[in-house]
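Student: Please take a close look at one part of this structure, and set it in its context before turning to the detail.

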Amino acid sequence: MQERTILRRLLPIIPTVALLFAASMHAQTGSPPFVNPGEIPSHDGKLQAVMIVSDTDRVVPNVGKVHLRFFQGWDAKGWDGKQPAAKVPANAAVFSPGPTLRAKVGDKIEIMFLNTTDDANFPNTAAAEKCDQAFGTKKDANGNLVNVQIYPLADQYPNCFHASSTANLHFHGTHTTPDALGDNVLIEVMPVKDTTPQKWNAVFKKIFAMPAIPTKWEELPAEYRDEQERLLKAKGQQYWDVNAKQIALGQFPQYIAGAFPNTFILPNCATQDGCQYKALQSPGTHWYHAHKHGSTALHSLNGLAGAFIIEGAYDDFLKTFYHFGATYAPDFEKVIVFQQINPEQNLHRNIINFGAGKAGSATGPGPGQVLVNGLLAPTLTMRPGSVQLWRILNATPGSAFNGGGGGIISPSFFQTDGFTFEQTAKDGVQFSQKNFADQPFLSKQFPNGYNQPAGLMVAGGNRVDVLVKAPAAKGTYAFLSQGAKVLWVKVDGDANDMPLPDPKKASDWPVIPWYLTNLQQPPAADRPLPLSGPYPHYVSFGWDAESNRAVAAAPALPGGKGTAGFPPKWTIDDHQFAEFGPLIDQCMPLNGLQDWVLENHTTVMHSFHIHINPFQIVSVETPVQTTDAQGVPTVTYKTYTPAGDPIWQDVVSLPAGLAVPLTGSPTLTQGFAPGRVTIRHQFVDFTGTFVLHCHILGHEDRGMMQLVRIVPLDRYPTDCQAAIPHHH
Amino acid sequence: MLRNKEDLLATRINIRREGDAVVFEPAEVTFSGAVFWFNGDSEPHAPMGVDVQPNQTSSSVQPVPTGSAAPLPVPLPQSFTYECTLHKGESGTIAIYNDFVPNLSPLAVTKPATTVQVATGGKPPYVIAPSGETSVALVETPQSITADAGINAVLTDPPPTITFRLSATDALGGAVDSDVTIDVS
């Protein structure tokens, strides 16, 4: 084995082939060194950055050069708008996540976001208000190979894959305004191939220097608005017509050409007394990604995501505990971004298998290899006994294939022999002292919702912070997810025995901040629409039977309703996003405090995500099939309720529902028990319109999304359905 | 594991005007591959009946050899001509190759034969990394009436079972990287 390894290293072969030697079977010998993604930090209270989405050939491990969209940016602090800047990542030709953004609570975010994608390089990219089309091949009844349309089939606009040339930035985990220049995912930044940051620098500086962040289109400088109108009309009058209607209604326009200023504050106060906010930005591991409905999955598969680390008291505690001073010690903090790469959306290509028996021709691209910071099974080095903070982000589309897909990071990753793990945060929110002591995920108390063994799991969109202590014994250790070795840790060098905080010692973990104390039982007055509806409020994730969908491996629907068809039509509350025209699906009064019961009426997994405000998990109910004393099949629920403090999250996995045989019913042969998660959340500080959706991004693109609105109490419910943004 | 990039990437075909003529650039893809068109002309076109507006790209299409229907198994590689359904006389060509894939292990060879095909398809020439085993030489398989292009393992004094790594790329950029086991009897 050793001889073969050396021989390989000496071979004069092309780079693509050289990359292939990093294959998993010999991963530790061909494994590249782990590196954190490049960073763009804030300075003096401001995160000033240029972020560009563009496209180029990128070398992807195990594949070779693939033409992909990508994020690249730079620190704009002191940038004069003329000189070439030091780009992050420096080399776009090698696949990597977008730059890690690092800010502090209280910082102002000032990002010049540009879309310079050349949409001539991708099929089906136009920002047309129609579904993508794709044509594939199949064997007909006569045994001939024929061309057929394979997409969109029964998918209907806007709940289909479409318009992938447009993009925007979702700052996942931020507590900020969802409107205007904030965490606004209802805009579509269309590509302007030849535009440059230099062109926009002066007007963006003007925007960022305004004493109050603009909240209306009219408040932006005329030169920006006029240039947008000119560029959009050049692309097509229809785009500006949509914008003009929205602007007339007092809304922000949907279409933006080439350049958009994302600017907002990360709320913070020194003390609760006199604080203008009811909740502050939680310091922790957050992230950003493109969030164009119809393209979120494809953009994720192109790698359009990166970490967004927001530092605060949580970090101060860790730095003090380890005597680091003002900054983390080198080699302590590891940013681990899991991604899956595929230049083409699923459902756009037929999988051809005519029985040729050749490996590779019978398998589709899924579940897809999982990369770590763009690397295939890299090797991270730790000294014996040392401790590192791993900030883990699952930026895959989250496909789970009933628990077996690569889109979720399985509990096995955190069960590697010899290592000690202490989870410190979930979804960018630190644990309370009680939860730090209890470790509800690592101790297997919290059900993971997916068909995975018990333990800490990272679903698509989830973040996990863990302190990891290396064993004393030197060696190379494999970290597995879904049975694949996704990371190697080499324990080597001089011993450096570092302590872990003692979970049983209150002084070893900080008290949770005032704005993250437990939400109390909501009062009846804080109810969502419909005002007369049942309470708690139910949100139902489902699918519809449709006979015109091509049925292949179609899952059975409950209650004898037939099959879901394939691909299924994903719904929330029995309809798809905007299926019946403009509609605010969930409307809440500002400061409303509500319990929602999220039910999964399908037999596959889903992940609930809502923007702007995190939520606490009140209970998780997983249906389990059993038999009663008479031997008749029945269902019971395995219910989790927090032993201590409900955990804060912004993505939660919904256990699959369970179809169960019924006996004694005159009409039904099958009953159904939905999976169920109850959350408690409060809608504070920011009014506006945003979304909730399944964070399995293909589900989101294809309908599993709702529009959400928070309105001032004195305008509730009057304004709930007023002036709904056009967003397709 | 991802598939070969040639199977993942839709190949772009440029449409451009040269004088009075409209040119559809020739393309090469694998059987599982797909194409799309970028219309650099000022008029709409419909190659293979797929609409593509000026300065836009079309939908993606997995082309069928011969352009409409082909009896299976399809003899590959082959080149076929397609037409624009909007403009008579406008046409282009697409060459389709077999997918570049390893043959399933374990493979078998019975002496005195010493050669076994370990990968097929793709477009020659191949860039082949040595096997790392002194008893295995990897060489290009010439295309013939009975054999697809590919890669042969030529064995010299092999043990009863031999395992090695096959790493190669073809001229379309497709890659094969897999362990190969050959039982020798």
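Tutor: The domain bounds used here come from an automatic or database domain assignment. The model itself is predicted. On that assignment, chain A is given domain 1, comprising 39–122 + 163–317, and domain 2, comprising 537–715. The C-alpha centres of domain 1 of chain A and domain 2 of chain A are 31 Å apart. Contact between the two involves 20 residues of domain 1 of chain A and 19 residues of domain 2 of chain A. On the side of domain 1 of chain A that touches domain 2 of chain A, ten residues are polar, seven are nonpolar and three are charged.

The part to examine closely is strand β27 of chain A, which covers residues 606–610. A residue counts as buried here if 20 or more other C-beta atoms lie within 10 Å of its own. Five of the five residues of β27(A) are buried, so the strand is largely enclosed by the rest of the structure.

In a regular strand the side chains alternate between the two faces of the sheet. In β27(A), A:H606, A:F608 and A:I610 point one way, while A:S607 and A:H609 point the other way. Both sets are buried.

The strand has pairing partners as well. With strand β31 of chain A (residues 651–654), β27(A) runs antiparallel and is joined by four bridges. Within this pairing, A:F608 is opposite A:V652 of β31(A). Strand β35 of chain A (residues 688–694) is also antiparallel to β27(A), and three bridges join them. Here A:I610 has A:L692 of β35(A) as its bridge partner. Thus A:F608 and A:I610, which point the same way from β27(A), have partners in β31(A) and in β35(A), respectively.

For context beyond chain A, the assignment for chain B gives domain 1 (5–97) and domain 2 (101–184). The C-alpha centres of these chain B domains lie 32 Å apart, and their contact draws on five residues from domain 1 of chain B and seven residues from domain 2 of chain B. On the domain 1 side of that contact, α1 (5–8) and β3 (27–30) of chain B are the elements that give two or more residues. By class, that side has three charged residues, one polar and one nonpolar.

As to confidence, chain B has a mean pLDDT of 89, with 95% of its residues at 70 or more. For the complex, the predictor gives a pTM of 0.91 and an ipTM of 0.86.

Terms used
Residues are numbered from 1 along each chain as its sequence is written. Chains are lettered from A and ligands numbered from 1 in the order in which they are written. This is a predicted model: local features need pLDDT of at least 70, side-chain atom pairs count only at pLDDT 80 or more; totals for chains, interfaces and linings use all residues. Ala, Val, Leu, Ile, Met, Phe, Trp, Tyr, Cys and Pro count as nonpolar, Asp, Glu, Lys and Arg as charged, and the others, Gly among them, as polar. A residue is buried if 20 or more other C-beta atoms lie within 10 Å of its own, exposed if 12 or fewer, and partly exposed in between; C-beta atoms are placed from the backbone. Two strands pair if DSSP finds at least two bridges between them. pLDDT is the predictor's confidence in each residue, from 0 to 100.
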